[in-house]
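Biologist: I am new to this entry and would like to go through it step by step. Please show the sequence and the model before we begin.

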Amino acid sequence: MLRCCLPNHNHGGEVRFRDHSVSRGLCCARIAPLAALVALLSGCGHSAAQPTPPVPVVPVAAPTLPRVVIFSIDGLRPDALLQAGAPVIAGLASRGASTWRAQTVMPSTTLPSHASMLSGYLPSAHGITWDDYRPENGPIAVSTVFSVARAAGLRTVLIAGKEKLRQLDVPGMVQRFDLCAADDQEVASRAAGEAMAGFDLMFVHLPQTDLTGHAQGWMSAAYLDAIAGADRAVGRVLAALPAGTTVIVTADHGGHDFNHGTTQPADMLIPWVMAGPRVAVRTLTTKVVTTDTAATAAWVLGLSLPGGASGRPVLEAFEPPAVTGARAGLAVGASR
Ligand SMILES: [Zn+2]
């Protein structure tokens, strides 16, 4: 693929160049008006020649490069999401692709699941089976969607509401790791700030739903209220996002009684909602696993996970043809 001369100025003055076939086409489109202008000016120096009719310069729209935000609402059960109302997330689902029967991995706990969600690897491969921050174990040992994005020169941001997610902070792979207090609205405020500062890939972790489930019980009134709060937090971040951002909303696990971590459907089932450019409006029939989140986010960015990853892009979520524009010519895994 040709390297395109298309700079991206959206990152605090940093100018980068990215490989995208769509950019190549846009570069050609940008050259056309310039050529017309040169022809017009060169015609001015030859008074004996036939007057050259003015060539209208057609303005070229600024290119929109792919950009992805992943929201994880900790401990969110799909049935509870529907019961709580959650108009913001329901709105995303109504104009995008969704399933309420996506699955997390075992153990259905926060850190192993997020490690799979953001790497595309199962716990047996990434090795994180514990659920607290253990700095002595070092950061996650496999590639993540952040490291794939960084290798492509993209700007990566991770806003976390629990310290244990530090285990996923591989030095140099997350350019902005922001550990907040366990408060969804504070997480949203930080994420909104990062959205305005500029990013290519951002992960936003909202912790309060899970904490309320442990304290008051899953499906309790307080738990449903916490989901409503998480929904408002998502809405606040969405309001700050640049147009054309692809948004994924999902969860690390569900829960029952006052805990989670089992193979019960209440613990294993998670919501999976995506909206954005070229995302189809449909209920997904594909079996979506949390590892597919990393693969899908990478695919939207025009990238792919290493071959050893289990996650696959959820291609059913996109308008056909699935491989178009920025993604054309890229090696991506097959849809499940
Ligand atoms: Zn929990």
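**Confidence, packing and charged pairs**

Modeller: This is a predicted model. The protein has an average pLDDT of 83, and 76% of the residues score at least 70.

Biologist: Over which residues does the pLDDT stay under 50, and how many contacts beyond four places in sequence does the model have for them?

Modeller: One such stretch is residues 324-336, where the pLDDT is below 50 and the model has 36 contacts beyond near neighbours in sequence. Another stretch with pLDDT under 50 is residues 1-49, and its contacts beyond four places in sequence number 74.

Biologist: Are helices H3 and H9 parallel or oblique to each other?

Modeller: Helix H3 covers residues 87-94 and helix H9 covers residues 221-240. Their axes lie 7 Å apart and make an angle of about 60°. An angle of 35 to 65 degrees falls outside the parallel and perpendicular ranges. H3 and H9 are therefore oblique.

Biologist: Which residues make the contact of H3 with H9, and how many of them are nonpolar?

Modeller: H3 contributes Pro-87, Val-88, Ile-89 and Leu-92. From H9 come Asp-231, Val-234, Gly-235 and Leu-238. By class, 1 residue is charged, 1 is polar, and the nonpolar ones number 6.

Biologist: How many salt bridges does the count come to?

Modeller: Side chains of opposite charge can pair when their charged atoms come close. The cut-off for a salt bridge is a nitrogen to oxygen distance within 4 Å. By this rule the count is 10.

Biologist: In the salt bridge of Arg-77 with Asp-79, how far apart are the closest N and O atoms?

Modeller: Arg-77 is buried, at a relative accessible area of 13%. Asp-79 is partly exposed, at 37%. The closest N and O atoms of this pair are separated by 2.7 Å.

Biologist: Is Lys-164, which forms a salt bridge with Asp-131, buried or exposed?

Modeller: The closest N and O atoms of Lys-164 and Asp-131 are 3.3 Å apart. Lys-164 sits in the loop between strand S5 (156-160) and strand S6 (176-179), while Asp-131 sits in the loop between helix H5 (123-126) and helix H6 (145-151), 33 residues apart. Asp-131 is partly exposed at 27%. Lys-164 has a relative accessibility of 16%, under the 20% limit, so Lys-164 counts as buried.

Biologist: How many residues apart in sequence are the parts that Asp-210 and Lys-162 tie together?

Modeller: The two side chains meet in a salt bridge at 2.8 Å, N to O. Asp-210 is buried at 2% relative accessibility, and Lys-162 is buried at 11%. Asp-210 belongs to helix H8 (residues 208-216) and Lys-162 to the loop between S5 and S6, so the parts tied together are apart in sequence by 48 residues.

Biologist: Which residues are linked in a network of salt bridges?

Modeller: The network holds both arginines and acidic residues. Its members are Arg-155, Arg-176, Arg-190, Asp-178, Glu-186 and Glu-194.

Biologist: What distance separates the C-alpha atoms of Ala-97 and Gly-276?

Modeller: Ala-97 lies in strand S4 (residues 97-103) and is buried, with a relative accessible area of 0%. Beyond four places in sequence, its contacts include Trp-272, Val-273, Met-274, Val-279 and Ala-317. Ala-97 and Gly-276 are 179 residues apart along the chain, and their C-alpha atoms are separated by 9.4 Å.

Note on methods: Residues are numbered from 1 along each chain as its sequence is written. This is a predicted model: local features need pLDDT of at least 70, side-chain atom pairs count only at pLDDT 80 or more; totals for chains, interfaces and linings use all residues. Side-chain values use heavy atoms; hydrogens and water are left out. pLDDT is the predictor's confidence in each residue, from 0 to 100. Contact means heavy atoms within 4.5 Å. Axes are lines fitted to C-alpha atoms, for helices over the stretch in contact, and angles run from 0 to 180 degrees between N-to-C directions. Helices (H or I, at least four residues) and strands (E, at least two) are DSSP runs, numbered from the N terminus. Angles under 35 degrees count as roughly parallel, over 145 as roughly antiparallel, 65 to 115 as roughly perpendicular and the rest as oblique. Ala, Val, Leu, Ile, Met, Phe, Trp, Tyr, Cys and Pro count as nonpolar, Asp, Glu, Lys and Arg as charged, and the others, Gly among them, as polar. Buried means under 20% relative accessible area, exposed over 50%, partly exposed in between (1.4 Å probe, protein chains only).
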